[in-house]
Structure formats: structure tokens, C-alpha cells
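User: Please take a close look at one part of this model, a charged side chain and its surroundings. I would like a connected account that begins with the residue itself and then places it among the neighbouring elements.

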Amino acid sequence: MSNVPVARPKIVCLCGSLRFSREFATERTRLTLDLAIVLAPEATEASVLDPLLVRALGELHLRRIDLADEVRIVNPGGYIGEATRREIAYADALGKRVTYFHELAMRDS
């Protein structure tokens, strides 16, 4: 056990297109160094997944949002796809704080 006191850390869920893996990694590192717990989807190696598994993975990600204090949208260039819009709506409905990697999305959405 560490002797370094750490208050209850903020839990941040990253959302966005997994095509932005570099930006996800950057945000995960930045938030971790800010002493936050980071929850994020994992890219899979399979190119075509069973549709039921895809739905289950989507629901699993919503459970990450349930656990989070903040939902951070990884959206380089302001890009927000359909699935991410659904996740934002879900987070909003729960009253979660939603922040953006690329701030223009806040004005464009």
C-alpha cells in the first residue's frame, strides 16, 4: 500500500470513434497523470463481429458511462459519429458532465 494520500479519484469515460487510437492513448495518459481513473472501449482484432456481440459491447460501454463522473469525447477535428452521439445523449440523460477533446464540437453540436 502506498503512503501517498490520494482523494477519491475522478472517473472519466472516454467515448468516440476507435479510429482515433492515438488520441485515445494521449487522453488516457493525460488523465491518468491527473490521477483520474480512465474507462474506455477496447479495439478488437476481429474485422467483422457478430451483430449480437456488437450490441453487447455497446451496452457494456454504456455501463462505463454509468460508472463515470465525466464523459470525455475524443473527437479530433470535431468528428462525432452516430454511436458517439447516442453515448452523449445517454450521458446527458444521466446528468453526467460531458467534455470534448476538440472544443469546436461544443459549438457545432
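Analyst: A residue is called buried here when its relative accessible area is under 20%, and exposed when that area is over 50%. The model is predicted. Arg72 has a relative accessibility of 11%, so it counts as buried. This arginine is found in strand E3, which covers residues 70-73.

The side chain of Arg72 has two polar partners to consider. One is the side chain of Glu27, with which the side chain of Arg72 makes a polar contact at 2.7 Å. The other is a backbone atom: the oxygen of Tyr100 lies 2.9 Å from a polar atom of the Arg72 side chain. Leaving aside neighbours within four places in sequence, the contacts of Arg72 include Val12, Cys13, Leu14 and Cys15. Also among them are Glu27 and Arg30, together with Thr99, Tyr100, Phe101 and Glu103.

Glu27 leads to helix H1, where it is one of the buried residues, along with Glu23, Phe24 and Leu31. Their directions cover an arc of only 100° around the axis, and therefore these residues are on the same side of H1. An α-helix has 3.6 residues a turn, so residues three or four places apart point the same way. The buried residues of H1 pack against strand E1 (11-15), strand E2 (37-39) and strand E3 (70-73). On the face turned away from this buried side, H1 carries the exposed residues Arg22 and Leu33. The length of H1 also agrees with expectation: its 13 residues, 21-33, should span 18 Å at 1.5 Å a residue, and the end C-alpha atoms are 18 Å apart. Just after the helix, Leu35 takes a positive phi of about 65°.

Two of the contacts of Arg72 are cysteines, Cys13 and Cys15. Both call for a check on bonding. A disulfide requires two cysteine sulfur atoms within 2.5 Å, and the count by this rule comes to zero. For Cys13, the nearest cysteine sulfur is that of Cys15, 4.1 Å away, which is too far for a bond. Cys13 counts as buried because its relative accessibility is 0%. Cys15 is likewise buried, with a relative accessible area of 0%.

Strand E3 also meets helix H3. The buried residues of H3 pack against E1, helix H2 (51-67), E3 and strand E4 (97-100). These buried residues are Thr84, Glu87, Ile88 and Ala91. They cover an arc of only 100° around the axis, which puts them on the same side of H3. The face turned away from that buried side carries the exposed residues Glu82 and Ala93. For the 12 residues of H3 (82-93), the expected span of 16 Å agrees with the 17 Å between the end C-alpha atoms. Gly95, which follows H3, has a positive phi near 75°.

The chain as a whole gives the setting for these details. It has four helices and four strands, in the order β-α-β-α-β-α-β-α from the N terminus. The radius of gyration is 15 Å, close to the 13 Å that the globule rule gives for 109 residues, so the chain is as compact as a globular protein of that length. Of the 109 residues, 38% count as buried. Among contacts between residues at least 6 apart in sequence, 77% join residues at least 24 apart.

Terms used: Residues numbered from 1 in each chain as written. Predicted model: local features only at pLDDT ≥ 70, side-chain atom pairs only at ≥ 80, totals over all residues. Heavy atoms only, no water. Helix = DSSP H or I, 4+ residues; strand = E, 2+ residues; numbered from the N terminus. Expected span 1.5 Å × (residues − 1). Buried < 20%, exposed > 50% of the residue type's maximum accessible area, 1.4 Å probe, protein only. Arc of directions from axis to C-beta. Contact = heavy atoms within 4.5 Å. Polar contact = N/O pair within 3.5 Å; in protein donor to acceptor, adjacent residues only side chain to side chain. Rg over C-alpha atoms; globule rule 2.2 N^0.38 Å.
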